[in-house]
Structures are given as C-alpha cells and as structure tokens.
Amino acid sequence: MQTVKIPVSIDPIRAAANRLNYQGIIPSKVLKRLRELTAGDCSDVTVSLECGVDLQGIVYLKGTAVTELTLLCQRCMTLYTTEVTVDFCFSPCRTEAEIDELPDAYDPIECDEIGEVRLQQLVEDELILAMPLIPAHQNDDCNLGSQDVVVGEIEAAQEERPNPFAVLEKLKSK
C-alpha cells in the first residue's frame with residue numbers, strides 16, 4: 001500500500017461497506033490548532049485507518065496516528081521533541097439512542113449533514129487530547145530534573161509533646 005494524503009472527510013458507512021484501509025499522512029500545515037499548542041514544530045502525522053463493520057453490524061473507523069511535537073519543558077524552559085501516538089476506534093451515530101446503545105469499545109462521532117466525517121479534524125482532536133498536560137523532559141534529560149526543588153524550610157524535629165487526649169484514655173479505662 002502506498003503512502004498518500006489522508007482525505008479531509010469520508011463517508012464512514014460507504015467506506016466500511018467497501019472495507020477501505022488508508023495508510024498515509026496528514027500535512028502539519030492543515031493542523032492549525034495542534035500547531036498553536038506546540039512551542040515549535042509539528043511533523044506530518046502518519047495515519048493508519050481501517051474502516052469496517054463488526055460482528056454486531058456496527059460501522060467503525062479504527063486506527064492509529066503518530067506525530068512528533070516540539071514542546072517547551074516546564075521545568076527547565078527549553079525546547080524538546082516528543083512523539084505522540086494515539087489509537088482510536090469510532091463509530092458514527094445519528095441519534096442519542098444510537099450513542100446510548102454503542103458498546104464501550106467505540107467512541108461516538110457525529111456525521112455532518114451529508115453523512116460524512118471530517119477525518120483530519122478528528123485525528124487532530126485526538127492528538128490534542130493526547131498531548132501532555134505539563135510538558136517536561138524525562139528526569140535524566142532535563143537540565144533541572146536532577147535538582148530537588150525545595151519550597152520553604154523544614155524545621156528540625158521538636159521534642160515530643162504530651163498527647164492532649166491522654167486524659168480521656170484514663171477515663172475510658174475506669
């Protein structure tokens with residue numbers, strides 16, 4: 001299978017009926033929201049997508065997306081590159097009842113007015129959700145990772161004070 005551009009949108013029911021598989025890329029220039037969240041560069045997203053119908057007759061879009069993002073480490077404030085990988089499994093739903101009956105293995109997606117799914121936007125959403133909340137190097141790679149951060153001072157242990165509830169213990173034994 002050759003590597004091609006992933007389509008902007010697909011009809012999931014027609015694609016599942018034809019058991020289409022896509023191996024391709026989504027150019028980083030079309031992923032504007034993802035690029036805004038990075039500190040530097042975003043590589044093209046490599047996507048593998050399988051469309052089909054399971055044994056229960058449920059239409060699904062199952063796949064994996066991989067990209068490299070340049071983020072700003074929040075500990076040492078330097079740029080670093082990390083790989084973000086997401087696995088997804090969606091099923092198109094038209095009504096709230098279909099969403100309620102959908103097995104947990106599938107995430108519901110809505111089709112637009114002509115019955116298509118915006119595939120590139122869907123992959124971008126999944127990558128945004130998979131980004132680290134607080135970007136940081138691994139401790140070994142970070143300039144400040146090996147330094148312990150101390151806030152305030154810890155006082156030396158004081159003499160042990162008598163327990164104020166010891167009096168109650170004496171009453172209980174009577």
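Which side chain meets Arg 33 in a salt bridge of 2.6 Å, N to O? Select Arg 33 and Asp 125: their side chains form that bridge. Keep in mind throughout that this is a predicted model.

**Stop 1: the network around Arg 33**

Stay on this pair. Arg 33 belongs to helix H2 and Asp 125 to helix H4, so their bridge ties together parts that are 92 residues apart in sequence. Asp 125 is partly exposed, at 28% relative accessible area. Arg 33 is also partly exposed, at 35%.

Now add Glu 124. Its side chain meets that of Arg 33 in another salt bridge, 3.1 Å from N to O. Colour helix H4 (residues 119-130), where Glu 124 lies, and helix H2 (residues 32-37), where Arg 33 lies; this pair ties together parts that are 91 residues apart in sequence. Is Glu 124 buried or exposed? Glu 124 is buried, with a relative accessible area of 5%.

Show the three residues together. Shared partners in the salt bridges join Arg 33, Glu 124 and Asp 125 into one network.

**Stop 2: Arg 14 and Asp 11**

How many salt bridges does a search of the whole structure find? The search finds three. One of them is still to be visited, so select Arg 14 and Asp 11, whose side chains meet at 3.9 Å, N to O. The cut-off for a salt bridge is 4 Å, so this pair counts. Arg 14 is exposed, with a relative accessible area of 57%.

**Stop 3: the sheet**

Switch to a cartoon view. Six strands make up an open sheet, in the order E1-E3-E4-E5-E6-E7, with mixed pairing. Go to the edges: strand E1 (4-5) and strand E7 (107-110) each have a single partner strand, so one side of each is left without a neighbour in the sheet.

Begin at E1. Two bridges pair E1 with E3 in the parallel sense. Pick Lys 5, and look for its bridge partner in E3: Ile 25.

Next, step from E3 to E4. These two strands pair in the antiparallel sense, over six bridges. Select Gln 23; its bridge partner in E4 is Ser 48.

Pause on E3 and show its side chains. Which of them point to the buried face? Tyr 22, Gly 24 and Ile 26 point to one face and are buried. Asn 21, Gln 23 and Ile 25 point to the other face and are not buried. In a regular strand, side chains alternate between the two faces of the sheet.

Move on to strand E5 (residues 59-72) and strand E6 (residues 79-93). They run antiparallel and are joined by 12 bridges. Try Lys 62: its bridge partner in E6 is Cys 89.

Bring back helix H4. H4 packs on the sheet and touches strand E3 (21-26), strand E4 (45-53), E5, E6 and E7. The direction of H4 makes about 125° with that of E6.

**Stop 4: a pair of rings**

The structure has two aromatic pairs. For one of them, select Tyr 60 and Tyr 106. The ring centres are 6.3 Å apart and the planes lie at 25°, so the pair is stacked. Where in the chain do Tyr 60 and Tyr 106 sit? Tyr 60 is in strand E5, while Tyr 106 is in the loop between helix H3 (96-101) and E7. The two are 46 residues apart, and the pair links distant parts of the chain. Turn on the surface to finish: both Tyr 60 and Tyr 106 are buried.

Terms used:
Residues numbered from 1 in each chain as written. Predicted model: local features only at pLDDT ≥ 70, side-chain atom pairs only at ≥ 80, totals over all residues. Heavy atoms only, no water. Buried < 20%, exposed > 50% of the residue type's maximum accessible area, 1.4 Å probe, protein only. Helix = DSSP H or I, 4+ residues; strand = E, 2+ residues; numbered from the N terminus. Pairing = 2+ DSSP bridges. Contact = heavy atoms within 4.5 Å. Axes fitted to C-alpha atoms, helices over the stretch in contact; angles between N-to-C directions. Phe/Tyr/Trp six-rings, centres within 6.5 Å; stacked < 30°, edge-to-face > 60°.
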